[in-house]
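Biologist: I would enjoy a close look at the sheet in this model, strand by strand. Could you walk me through the pairing and then through what surrounds it?

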Amino acid sequence: MDDARAPAVIAAALESCAAGLAERCDGLVALCIGTDRSIGDALGPLVGSRLQAAFCEGITVLGTLDKPVHAGNLEEALAWVGRAFRRPLVVAVDACLGRAESVGMLTVGPGSLRPGAGVSKSLPAAGDVYLTGVVNVGGFMEYFVLQNTRLSLVMRMAQVAASGLEQGLRAVLARRAAALHGD
């Protein structure tokens, strides 16, 4: 996260994970999961707010500080995506807990993520591509740990994640436009 190359690495990973999916999708969705009521769980809404400000069109952003997507409305958000698009490419963003040496690490990968797993919630899987950020140490008193996460860490992680996702999503949009126009 503190590496100046991190946004470019995130962008390249997103492009790689989306390869083959972007050309076939009928919409790009950034699904940023979390709540503004817990510092440790605010990574998703912080990233979503930054992405919403960066994109006027081309990307549908769900989950911002003003309108978070969290455990209470995740199923509704996923249902909306299913109604709005036939074949969306969903990039899911969420905070997670991990080992002490992983705190601050951002990971991009193919497939879905399991929101709420760190706090033993059973929520539906989300995303075709995921970005997760380890905001604190897991394993004991997870809700307390999330509430006592450093805001400065989460803000830095959100800035790096949003910058990388913005670069990657712009590249995916360009690839998708080229495929639609037969370039």
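Modeller: Gladly! Let's begin with β1 and β2, which run parallel and are joined by four bridges. Within that pairing, Leu31 has Leu62 of β2 as its bridge partner. Please keep in mind throughout that this is a predicted model.

On to the other neighbour of β1. Strand β1, residues 27-32, is joined to β3 by six bridges, and these two strands also run parallel. Gly27 has its bridge partner in Pro88 of β3, and Cys32 stands opposite Val93 of β3. How many of the residues of β1 are buried? Six of the six are, so the strand is largely enclosed by the rest of the structure. In a regular strand, side chains alternate between the two faces of the sheet. In β1, Gly27, Val29 and Leu31 point one way, while Leu28, Ala30 and Cys32 point the other way, and all of them are buried.

From β3 we can step across to β5. These two pair in the parallel sense, over eight bridges. Val91 has Val129 of β5 as its bridge partner, and Asp94 stands opposite Thr132 in β5. Burial is a theme here too: nine of the 11 residues of β3 are buried, so β3 is largely enclosed by the rest of the structure. For β5 the count is seven of nine, so this strand is likewise largely enclosed.

The last pairing brings in the antiparallel sense: β4 pairs that way with β5 (residues 129-137), over five bridges. Leu106 has Gly133 of β5 as its bridge partner, and Thr107 stands opposite Thr132 in β5. Thr132 is thus a nice residue to click on, as Asp94 also stands opposite it.

Now put the strands together. The five form an open sheet with mixed pairing, in the order β2-β1-β3-β5-β4. Why is one side of β2 and of β4 left without a neighbour in the sheet? β2 (59-62) and β4 (106-110) stand at the edges and each has a single partner strand, so one side of each is left free of a sheet neighbour. From one strand to the next, the twist averages 20°. Helix α1, residues 6-18, packs on this sheet and touches β3 (88-98), β4 and β5. The direction of α1 makes about 15° with that of β4.

What about the nonpolar surroundings? The largest nonpolar core has 41 residues, and those touching the most other members are Val47, Leu51, Ile59, Leu89, Leu131, Leu165 and Leu169. Helix α5, residues 151-180, gives the most to this core, with 11 residues. Ile59 is a good place to zoom in. Setting aside neighbours within four places in sequence, Ile59 is in contact with Leu28, Ala30, Leu169 and Leu173. Leu28 and Ala30 are among the buried residues of β1, and they point the same way from that strand as Cys32. There is also a second, separate core of 14 residues, which includes Ile33, Leu74, Ala77 and Val81.

Let's finish by following the chain out of the edge strand β2. The second largest pocket holds about 270 Å³ of space. It is lined by 14 residues, and the closest to its centre are Leu62, Lys67, Pro68, Val69 and Asn73. Both β2 and α3 give two or more residues to this lining, and α3 gives the most, with four. You met Leu62 earlier, as the bridge partner of Leu31.

Asp66 lies in the loop between β2 and α3 (74-84). Is Asp66 buried or exposed? The cut-off for exposed is over 50% relative accessible area, and Asp66 has 75%, so it counts as exposed. Along the chain, Asp66 and Gly48 are 18 residues apart, and their C-alpha atoms are separated by 9.8 Å.

How values were computed:
Residues are numbered from 1 along each chain as its sequence is written. This is a predicted model: local features need pLDDT of at least 70, side-chain atom pairs count only at pLDDT 80 or more; totals for chains, interfaces and linings use all residues. Side-chain values use heavy atoms; hydrogens and water are left out. Two strands pair if DSSP finds at least two bridges between them. Axes are lines fitted to C-alpha atoms, for helices over the stretch in contact, and angles run from 0 to 180 degrees between N-to-C directions. Contact means heavy atoms within 4.5 Å. A nonpolar core is a set of buried Ala, Val, Leu, Ile, Met, Phe, Trp, Tyr and Cys residues joined through side-chain atoms within 4.5 Å. Buried means under 20% relative accessible area, exposed over 50%, partly exposed in between (1.4 Å probe, protein chains only). On a 1 Å grid over the protein atoms alone, a cavity is a set of points where a 1.4 Å probe fits but cannot get out, and a pocket is an open set with protein on both sides within 12 Å along at least five of seven lines; lining residues have an atom within 4 Å of a point. Grid points are joined across faces, edges and corners, and a volume is the space filled by probe spheres set on the points.
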